[in-house]
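The following points concern a nonpolar surface patch and the aromatic pairs. They are offered as a colleague's note, to be read beside the sequence and the structure.

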Amino acid sequence: MGGILLSLALTLLGLLLVTFIIGRVMPIDPVLKVVGERATPEQYEAARQAMGLDQPLAVQFLTYIGDVLRGDFGRSISTGHPVAEDLRRVFPATLELAAMGTLIGVLAGVPLGVVAAARRGGWVDQIARVAALVGYSMPIFWLGLMGLLVFYGILGWVGGPGRQDILYDGMVPEVTRLLLIDSALAGDWGAFRDAFGHIILPASLLGYFSLAYISRMTRSFMLEQLSAEYITTARVKGLSEGRVVWGHAFRNIAVPLVTVIALSFGSLLEGSVLTEIIFSWPGIGSYITKTLLAGDMNAVLGGTIVVGVCFIGLNVLSDLLYRFLDPRAA
């Protein structure tokens, strides 16, 4: 446990160091963003001192660490709100989208990978390999646009861009800020169906990319287990193929599969930028992109830190689960 905490602390320190350096080397003057280009030299210098930019870099970095640990990422120039407040508003949308995408990827990818390994060389295996190849190769923006054209524009099966229709905007009381959960808690099933209709297409798109990774890794893990001696022994004893595959081989890949799923979830959290832009999804990816184009470095770095902390936390959680599920790894 001590080693995990030390690794966590060092990783967080490295993340803060990287974001601090990025904030200092970017060709954007944060003082000018605050005072404007028409400010006098006296106003510019006063703002620079107020922001602590006249201090040595080491002092600035220590101040930066203290602010981040208090949850203070500064104020967004784009919105005029504290960055922490903006992130609390947009992050639940990304969390809900990534969680739904991961759920789809797990429910489809794990069985597909297991069956593909059990029937190696068969038609299921071929489909799994082609699906994984297409998932890795197909541009996500093209799939998103085609999905909107077909399933929303032509067939009308799903909701359009955005998180919900304007009819339900602000109608659901915010408890968790996860729209599906909040609408279910409120018993507003009309809002629930509307939210589900909006999230299912972008979540399925992310779920497909998650499926490609999870199914490939599951297949690889299963092939290794199915070639082991204990599997041969189980078959010689007359156990059914289903029990051999699911009761013995799959049980032994559950531990590394936890890490794969956690990494997949983390990658969706940080990699859903294009999906959010295509579907006008009000998440952290869209937020970081818009603020970056506006030169709002406080917002960009704050969002980057939050995503980085989530990714680090998922890695630590998967490591702890690994040790819990397999005491030999402790």
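1. Helices are DSSP runs of H or I with at least four residues, numbered from the N terminus. In this predicted model, leucine 274 belongs to helix α12. Leucine 274 is partly exposed, because its relative accessible area is 42%, and partly exposed stands for values between 20% and 50%.

2. Leu274 also belongs to a nonpolar patch on the surface, together with Phe141, Trp142, Leu145, Met146, Leu149, Val150, Phe151, Ile154, Leu155, Trp157 and Ile277. The accessible area of these residues together is about 1,100 Å².

3. Which helices each supply at least two residues of the nonpolar patch? They are α7 (140-154) and α12 (273-278). The greatest share comes from α7, with 8 residues.

4. The count of aromatic pairs comes to 6. One of the pairs is formed by tryptophan 189 and phenylalanine 192; the ring centres are 5.6 Å apart and the planes stand at 70°. This pair is edge-to-face, because the angle is over 60 degrees.

5. Tryptophan 189 and phenylalanine 192 both lie in helix α9 (residues 189-226). They are 3 residues apart, so about one helical turn separates them. Tryptophan 189 is partly exposed, at 46% relative accessibility. Phenylalanine 192 is likewise partly exposed, at 26%.

6. An aromatic cluster should be noted as well: Phe20, Phe61 and Tyr64 make it up.

How values were computed
Residues numbered from 1 in each chain as written. Predicted model: local features only at pLDDT ≥ 70, side-chain atom pairs only at ≥ 80, totals over all residues. Heavy atoms only, no water. Patch = residues over 30% accessible without salt bridge, like charges linked within 9 Å, V, L, I, M, F, W, Y side chains within 5 Å. Areas by Shrake-Rupley, 256 points an atom, 1.4 Å probe, with all protein chains shown as cover. Salt bridge = Lys/Arg side-chain N within 4 Å of Asp/Glu carboxyl O. Buried < 20%, exposed > 50% of the residue type's maximum accessible area, 1.4 Å probe, protein only. Phe/Tyr/Trp six-rings, centres within 6.5 Å; stacked < 30°, edge-to-face > 60°.
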